[in-house]
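Please open the model in a viewer and keep the sequence panel visible. The tour proceeds by selection, with a short account of what is found at each stop.

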Amino acid sequence: MRRDQQQLYSHGGRLYLIQAQAESVEDAQTKVYQELEKMDQTNIFYRRDIGKNSI
């Protein structure tokens, strides 16, 4: 990972974290997926079962 001014760049690996706070786990899960959809999806893969075991 390297920093260039205010941006962080990764050379791979698991790096990104999105945290959400909501009234329920289901609502927090929805918020996380909404934020993921806003990202540039080029070469980004993420699990589609975030929070599944808690719901």
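The expected span of a helix is taken as 1.5 Å times one less than its number of residues. With that in hand, select residues 25-38, which form helix H1. This helix has 14 residues and reaches 20 Å from its first C-alpha to its last, close to the 20 Å expected. The coordinates belong to a predicted model, and this applies to every stop below.

**The whole chain**

Display the full chain as a cartoon. Its secondary structure amounts to 1 helix and 2 strands, arranged along the sequence in the pattern β-β-α. Of the 55 residues, 13% count as buried. Switching to a surface view, one has an accessible surface of about 5,400 Å² in total, and carbon and sulfur atoms account for 45% of this area. Among contacts between residues at least 6 apart in sequence, 14% join residues at least 24 apart.

**The two sides of H1**

Return to H1 and show side chains. Which residues of H1 are buried? They are Ala28, Gln29, Val32, Tyr33 and Leu36. Now look down the axis of H1: the buried residues fall within an arc of 135 degrees, so they line one face of the helix. Rotate to the face turned away from that buried side, where the exposed residues Glu37 and Lys38 are carried.

**The nonpolar core**

Select Val32, Tyr33, Leu36, Met39 and Tyr46 together. These 5 residues make up the largest nonpolar core. Val32, Tyr33 and Leu36 have already appeared among the buried residues of H1. Centre next on Met39. Apart from neighbours within four places in sequence, Met39 is in contact with Tyr16, Ile18 and Ile44.

**Ile50, after the helix**

Move on to Ile50, which is placed in the segment after H1. Is Ile50 to be described as buried or partly exposed? With a relative accessible area of 30%, Ile50 is partly exposed. Leaving out neighbours within four places in sequence, its contacts are with Gln29, Val32, Tyr33 and Leu36. Each of these four residues is listed among the buried positions of H1. To examine the spacing, draw a distance between the C-alpha atoms of Ile50 and Glu26: these residues are 24 apart along the chain, and the separation is 10.0 Å.

**Lys31 and the segment it touches**

Select Lys31, which also lies in helix H1. Its relative accessibility is 40%, and Lys31 therefore counts as partly exposed. Beyond residues up to four places away in sequence, Lys31 touches Ala20, Gln21 and Ala22. A C-alpha to C-alpha distance drawn from Lys31 to Ala20 gives 6.3 Å, for two residues 11 apart in sequence.

**The salt bridge**

The last stop concerns charged side chains. Side chains of opposite charge can pair when their charged atoms come close. How many salt bridges does the structure hold? There is 1. Select Glu35 and Lys38 to display this pair, in which the closest N and O atoms are 2.9 Å apart. The two residues are 3 apart in helix H1, so about one helical turn separates them. At 36% relative accessibility, Glu35 counts as partly exposed, whereas Lys38, at 64%, counts as exposed. Lys38 was met earlier, with Glu37, on the face of H1 turned away from its buried side.

Conventions
Residues are numbered from 1 along each chain as its sequence is written. This is a predicted model: local features need pLDDT of at least 70, side-chain atom pairs count only at pLDDT 80 or more; totals for chains, interfaces and linings use all residues. Side-chain values use heavy atoms; hydrogens and water are left out. A nonpolar core is a set of buried Ala, Val, Leu, Ile, Met, Phe, Trp, Tyr and Cys residues joined through side-chain atoms within 4.5 Å. Buried means under 20% relative accessible area, exposed over 50%, partly exposed in between (1.4 Å probe, protein chains only). Contact means heavy atoms within 4.5 Å. The arc is that of the directions from the helix axis to the C-beta atoms. Accessible areas come from the Shrake-Rupley method with a 1.4 Å probe; for residues, only the protein chains shown count as cover. A salt bridge is a side-chain nitrogen of Lys or Arg within 4 Å of a carboxyl oxygen of Asp or Glu.
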